Amino acid sequence: PPPEKQRKDTWTAILMVSPAVLLLLLFVVVPFILAIYLSLNNVKLSTGRPPSWMGLEQYRRLFFDPDVSAEFFKGLINNFVFALIVVPTQTLAALGLALLLNRPLRGMAAFRTIFFMPVVFPMALVATIWQLIYSRDSLGLFNSLLGAISFGLIKPLDWLGDPNLALFSIVLMSIWQGVGFQMVILLAGLQGIPSSLYEAAALDRAGKFQKFLNVTVPGLRNTLIFVVMITTIFSLRLFDQVYILTSGGPNNSTTTIMYQAVYQAFDRDNIGRAAAITVVFMVIVVIITLIQRRVLREEREVA
């Protein structure tokens, strides 16, 4: 094309991407730079004093001060344990639901809506309801169900007060609440697979499992990569459930990086340490995302 046309296309492209770039700068780049600045200073909002320079002291305390690093690494471990359980379990459950609901039967739209409804509800509402379900006495739904199934042999459990059960309880609630989101994405991916591929597989006398393995899974590869990546990010930013259900307890068994950052900022008025935790967490998320992109590289169609 002539240079004038190229110049016009370039300015058109810049105009189209400028809103996205501007929002990225305002809500990601600028806050991250501000967080780095705050993490290098001692900031106390309650005293009204200007920030005092600390350098890398906040980071040193996070990694090498036993009183601070123990709590920090406990939150980091809880984040990874949560993600390692939720990401594969939620993805497989969403795939199963998508396959189940991808049928031309009556009432499927209603079932899809029902499964997606928990995603629409605010997390505060969902967590409050599950707090009642996890009630430690026999009136709690889970304890009542276990008592009925075991004919009273299993006594009521303290789901949110037992350090061995609290994180598992949050995991279970999170999977139930978020599986509908992944289900909708995978359902759209399933509907994008050409039916001619299944017809060709049927002509080759392929069974249901062979169709799933050789047609469905390759057709959903890019969708599954996206679902795994977005679920990982959602899992690592765990906060609402912990804050409402356990407040990081008992004995820091459910504390997370996000919870520690908010706790340091608002309860201890330690903005510098909260900012340092945020910066470290951001770097970890970026590294994990880049690794996932490298390992689960998308297949791109060649035009």
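Residues are classed by relative accessible area as buried under 20%, exposed over 50%, and partly exposed in between. The structure examined here is a predicted model, and on this scale R61 is partly exposed, because its relative accessible area is 27%.

R61 takes part in one of the 3 salt bridges found in a search of the whole structure. Its side chain meets that of E57, with an N to O distance of 3.0 Å. Both residues lie in helix α2, where a spacing of 4 residues separates them by about one helical turn. E57 also meets the side chain of R60 in a salt bridge, at 2.8 Å from N to O. Here the spacing is 3 residues within α2, which spans residues 57-64, and this again corresponds to about one helical turn. E57 has a relative accessibility of 23% and counts as partly exposed, and R60, at 39%, is likewise partly exposed.

The remaining salt bridge is formed by R136 and D158, whose closest N and O atoms are 3.8 Å apart. This pair links distant parts of the chain, the two residues being 22 residues apart. R136 is placed in the loop between α5 (123-133) and α6 (141-149), and D158 in the loop between α6 and α7 (166-191). R136 counts as exposed, with a relative accessibility of 57%, because the cut-off for that class is over 50%. D158 is partly exposed, at 26% relative accessible area. Salt bridges with shared partners join E57, R60 and R61 into one network. In general, side chains of opposite charge can pair when their charged atoms come close.

The interior was also searched for enclosed space. Rolling a probe the size of a water molecule over the atoms shows where empty space is left. The count came to 1 cavity of 30 Å³ or more, and the volume of the largest cavity is about 40 Å³. Its lining consists of L62, V68, E71, F72, Q260, Q264, R273 and I277. By residue class, this lining divides into 4 nonpolar, 2 polar and 2 charged residues. At least two lining residues are supplied by each of the helices α3 (66-101), α12 (257-266) and α13 (271-295). Of the contributions to the lining, that of α3 is the greatest, at 3 residues.

Terms used: Residues are numbered from 1 along each chain as its sequence is written. This is a predicted model: local features need pLDDT of at least 70, side-chain atom pairs count only at pLDDT 80 or more; totals for chains, interfaces and linings use all residues. Side-chain values use heavy atoms; hydrogens and water are left out. On a 1 Å grid over the protein atoms alone, a cavity is a set of points where a 1.4 Å probe fits but cannot get out, and a pocket is an open set with protein on both sides within 12 Å along at least five of seven lines; lining residues have an atom within 4 Å of a point. Grid points are joined across faces, edges and corners, and a volume is the space filled by probe spheres set on the points. Ala, Val, Leu, Ile, Met, Phe, Trp, Tyr, Cys and Pro count as nonpolar, Asp, Glu, Lys and Arg as charged, and the others, Gly among them, as polar. A salt bridge is a side-chain nitrogen of Lys or Arg within 4 Å of a carboxyl oxygen of Asp or Glu. Buried means under 20% relative accessible area, exposed over 50%, partly exposed in between (1.4 Å probe, protein chains only).
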